[in-house]
Amino acid sequence: MLNSAEGNLFIGGRWIQAHGADWITAINPATEEAWGRVRAGDEKDIDTAVAAAREAFDHGPWPTMTHSERAAIIRNAAKYLRDNTDEIAQTITRNMGSPIAQSIGVQVPRAYQIWEYFADLAEDFPWSSRRSTYDEVNAASEIIVEHEPIGVVAAIVPWNGPLIVAAMKLAPALMAGCTAVLKPSEEAAMPFEALAEGFMRAGLPDGVLNIVPADRTVSEYLVTHPGVDKVSLTGSTTAGRRVATICADAMRRCTLELGGKGAAVLLDDVDLSSALEGLTAPMAFINGQACNAPTRILVPRSRYAEIVDGFADAFRSLPYGDPMDPATFVGPVASRRAFDRVSGYLDIGAAEGARAVSGGSVDAERTVGYFIPPTLFADVENSMRIAQEEIFGPVYCAIPYDDDAQAVTVANDTPYGLESSIWTSDPERGVRIARKIRAGTVGVNSHNMDMAAPFGGMKMSGVGRECGPEGISDYTELKAIMPPIGAGAS
């Protein structure tokens, strides 16, 4: 727990007493029991955290350290996460319901791998480059283009992949030389003691990373804070709109990774067994609560019954129940609020005329916990709310189409554009169709993220990119230096 007994926050390189009097209580979504709490920061705590980050950026050693020096500290912090995987994983599972096998196998490892990836990538990133001048009347002999750290970053992360998403923001930001204030979600604040502890042990200079759990009102105060140079949010499209508006008024940089309604387009030549093997895990990962999950299955009408039956059987066979059981693949949704929202969409789907071929109702046998069985709706039209709105739970739609052109039209007929995939026995055909899909990531016979690939969305799925070299670029400002002829600039 995040030093909950003392009510401390991690600011300025140490645990300090929170100014606010409120607490964030951790509720186990499988048992509905309160099992821990952390102090909620208030606006004065945000002021303190931003001041610490500002001081560390403006006067501290971090921005002027070499990339190798920064990378060494980051690798040591990542090692702490690696060495404490099991304990951190149990905290994540108890906090937001991620099945323990996924917490141990993905939630913690992917987080420390992202830190390690950016530590390695920074060694080869083109921090400074040179190009020839174009204008003959220019007195410069060449142009030097440099990436400079953008400054103080406000990183606001969700509850579904707390340490993963934090790493996607903080690893490139810190490697670029930025400092940061991290605002965890109220529904997954407990795992962040480990992140703070890892960086304390690694020797991170004071104020480079500050962690303040807080509610939504305090989050908005952080976004508006004049000491912040950039905001990076992963959250709902509604939250993204608000952050974008605030940042536009202040001409503040922002990266927004928002909602999704991904399509898995199964072509008429698809090998169904391979598609089931490749899609079931990303569909049901963290109980269907992933923004890039393939929640719309586009199925050729000629094979509709066969494919729908295949997915229904696959969902019914997924180990479902106690998230602390290593065999479980689908556990509870993260909170009462999530349970009410997702169960409401089950009613909406039925009212719209969709047919539940697996799940379709809350689990009446489980009177405790926020359990919703994996639900597949068939006979879905893409205009239905269950096909257009992000549900963020284990609810999926099987939508028929007639030919490749219609499949592309349906796949693109969504306000979102985060991640989709094409499934086919002809990979070249799959790539041709992938180029027509309006999404930031399109897999061919896969539906997964890769740390080396830029991740982000088109349309209402956001602004900017995370991961890959582009992830570092989003935390830098470009500066052109034009030395005079004969200056011999180094």
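F315 is buried, and Y396 is buried too. Both belong to a predicted model, and they make a good place to start looking around.

**A cluster of rings**

F315 and Y396 sit with their ring centres 5.0 Å apart and their planes at 20°, so this pair is stacked. F315 is part of helix 10 while Y396 is part of strand 16 (residues 395-401), so the pair ties together parts that are 81 residues apart in sequence.

F315 has another ring partner as well. With F311 it forms a tilted aromatic pair, 6.4 Å centre to centre and with 50° between the planes. Why are F311 and F315 separated by about one helical turn? They are 4 residues apart in helix 10 (residues 304-317), and that spacing is about one turn of the helix. F311 is buried, just as F315 is.

Put the two pairs together and you get a cluster: F311, F315 and Y396 are linked by ring pairs. Across the model, the count comes to 9 aromatic pairs.

**Two pairs of helices**

Now for some helix packing. Helix 2 (residues 67-83) and helix 4 (residues 100-121) have axes that come within 9 Å and cross at roughly 165°. An angle over 145 degrees counts as roughly antiparallel, and helix 2 and helix 4 are therefore roughly antiparallel to each other. The crossing of helix 2 past helix 4 is left-handed. If you want to find the contact in the structure, look on helix 2 for A71, I74, R75, A78, L81 and R82, and on helix 4 for V108, Y112, W115, E116, A119 and D120. Sorted by class, this contact of helix 2 with helix 4 has 8 nonpolar residues, 4 charged ones and no polar ones.

The other pair is helix 5 (residues 162-175) with helix 6 (residues 192-202). Helix 5 and helix 6 pack with their axes 11 Å apart, at an angle of about 30°. Angles under 35 degrees count as roughly parallel, and helix 5 and helix 6 are therefore roughly parallel to each other. Helix 5 passes helix 6 in a right-handed crossing. From helix 5, the residues P162, L163, A166, L170 and L174 meet F192, L195 and F199 of helix 6. What classes do the residues of the contact of helix 5 with helix 6 divide into? There are 8 nonpolar residues, with no polar and no charged ones in this contact.

**Residues in the loops**

Some loop residues deserve a look too. Here is where four of them sit.

| Residue | Loop between |
|---|---|
| N292 | helix 9 (272-284) and strand 13 (294-300) |
| N445 | strand 19 (441-444) and strand 20 (458-459) |
| C467 | strand 21 (462-463) and helix 15 |
| D474 | helix 15 (468-473) and strand 22 (476-481) |

Is N292 buried or exposed? With a relative accessibility of 13%, N292 counts as buried, since buried means under 20%. Setting aside its neighbours within four places in sequence, N292 is in contact with L418, E419, H447, M449 and F455. There is also G262, 30 residues apart from N292 in sequence, with a C-alpha to C-alpha separation of 6.2 Å in space.

D474 counts as partly exposed, at 23% relative accessibility. Leaving out its neighbours within four places in sequence, D474 is in contact with I150, K230, T255, G464 and R465. D474 and L298, on the other hand, are 33 Å apart in space, C-alpha to C-alpha, and 176 residues apart in sequence.

The remaining residues of the table bring up backbone angles. Most residues other than glycine have a negative phi. N445 has a phi near 60°, a positive value in a residue other than glycine. At 34% relative accessibility, N445 counts as partly exposed. C467 is not a glycine either, yet its phi is positive, at about 75°. What is the relative accessible area of C467? The value is 1%, which means that C467 is buried.

Methods
Residues numbered from 1 in each chain as written. Predicted model: local features only at pLDDT ≥ 70, side-chain atom pairs only at ≥ 80, totals over all residues. Heavy atoms only, no water. Axes fitted to C-alpha atoms, helices over the stretch in contact; angles between N-to-C directions. Parallel < 35°, antiparallel > 145°, perpendicular 65-115°, else oblique. Left-handed = near helix turned anticlockwise from the far one by under 90°. Contact = heavy atoms within 4.5 Å. Nonpolar A, V, L, I, M, F, W, Y, C, P; charged D, E, K, R; others polar. Phe/Tyr/Trp six-rings, centres within 6.5 Å; stacked < 30°, edge-to-face > 60°. Buried < 20%, exposed > 50% of the residue type's maximum accessible area, 1.4 Å probe, protein only.
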